[in-house]
Structure formats: C-alpha cells, structure tokens
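Please open the model in your viewer, with residue selection and a cartoon representation ready to hand. The stops below are meant to be followed in order, each one beginning with something to select.

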Amino acid sequence: MYLEDILGSKTKVRILYTLFTSGQDNFFEKELAIECGSSISEVNRQIHFLVEFGLIIYQKKGRLKIYRLNPAHFLYKPLKDLFVSSVQ
C-alpha cells in the first residue's frame, strides 16, 4: 500500500514530507507550495483535509495563511518516523 493511497493524494504526501523534513516550523502558504512543487490552489485544496483532521494547524495573520504540524496529534510521531527515515 502506498502512502498516497492512504492520504488520498500525492500533494498531501508532499506537504507532510516538506513539513516533517524541512527543519522549518512554520510555512506560509506560498512557501509551502513552492517547496512542494505545487500550485498554491492545489496546496490550499489538499491541506484543508489535513487541517480538518487536526494533523496540521492553520493560522491566519492578515491575508497570510501559516501552516505547521500539530505535535499533539496521535499520528504525528509515526508519520515523523516514516518521513524522517525516508530522508536518511
């Protein structure tokens, strides 16, 4: 079974990979899109589900959207182990 089958899209996998492996805590929506190699609209469409699921925390400052991982989520540790081990 592939991770994109579980999460539903390659973009969601790229978003999580970027958030877990970048060493950066917060990403503006545009930064995340650039890092993922996706359009802002595609990131916005896919990240919505990860925010609803509680794995990603969303914050808005003015017109900017800021995203970060939720370390309190029950899947945080297993996904972090998965993504970080894939980098090494």
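Select Glu 29 and display what surrounds it: leaving aside neighbours within four places in sequence, Glu 29 is in contact with Ile 40, Asn 44, Lys 65 and Tyr 67, where contact means heavy atoms within 4.5 Å. Glu 29 lies in helix α3, helices being DSSP runs of H or I with at least four residues and strands runs of E with at least two, both numbered from the N terminus. Is Glu 29 buried or exposed? With a relative accessible area of 12%, Glu 29 is buried; buried means under 20% relative accessible area, exposed over 50%, and partly exposed in between, with a 1.4 Å probe and protein chains only.

Before moving on, keep in mind that this is a predicted model, in which local features need pLDDT of at least 70 and side-chain atom pairs count only at pLDDT 80 or more, while totals for chains, interfaces and linings use all residues. Residues are numbered from 1 along each chain as its sequence is written, and side-chain values use heavy atoms, with hydrogens and water left out.

Now extend the selection to the whole of α3, residues 29-36, whose buried residues are Glu 29, Leu 32, Ala 33 and Cys 36. Looking down the axis of α3, you will find these buried residues within an arc of 100 degrees, so they line one face of the helix; the arc is that of the directions from the helix axis to the C-beta atoms. Turn the view to the face directed away from that buried side, and the exposed residues Lys 30, Ile 34 and Glu 35 appear there. To see what covers the buried residues of α3, add the elements that include α2 (10-21), β1 (27-28), α4 (40-53) and β3 (64-69). Just after α3, select Gly 37, which takes a positive phi of about 70 degrees.

The next selection is Val 43, which belongs to helix α4 and counts as buried at 0% relative accessibility. Apart from neighbours within four places in sequence, Val 43 is in contact with Thr 11, Ile 15, Leu 32, Ala 33 and Ser 38. Place a distance label between Val 43 and Lys 30, which are 13 residues apart in sequence and 8.8 Å apart in space, C-alpha to C-alpha.

Go on to Leu 19 in helix α2, a residue that is buried with a relative accessible area of 6%. Which residues does Leu 19 touch, not counting those up to four places away in sequence? Leu 19 touches Gln 24, Phe 27, Leu 32, Ile 56, Tyr 67 and Leu 69. A second distance label can join Leu 19 to Lys 80, since these two are 61 residues apart in sequence and 9.4 Å apart in space, C-alpha to C-alpha.

Finally, return to the cartoon of the whole chain, which has five helices and three strands in the pattern α-α-β-α-α-β-β-α along the sequence. The radius of gyration is 12 Å, close to the 12 Å that the globule rule gives for 88 residues, so the chain is as compact as a globular protein of that length; the radius is taken over C-alpha atoms, and the rule is 2.2 Å times the number of residues to the power 0.38. Along its principal axes the C-alpha trace spans about 35 × 25 × 25 Å. Colour by burial to see the buried residues, which make up 35% of the 88 residues in the chain.
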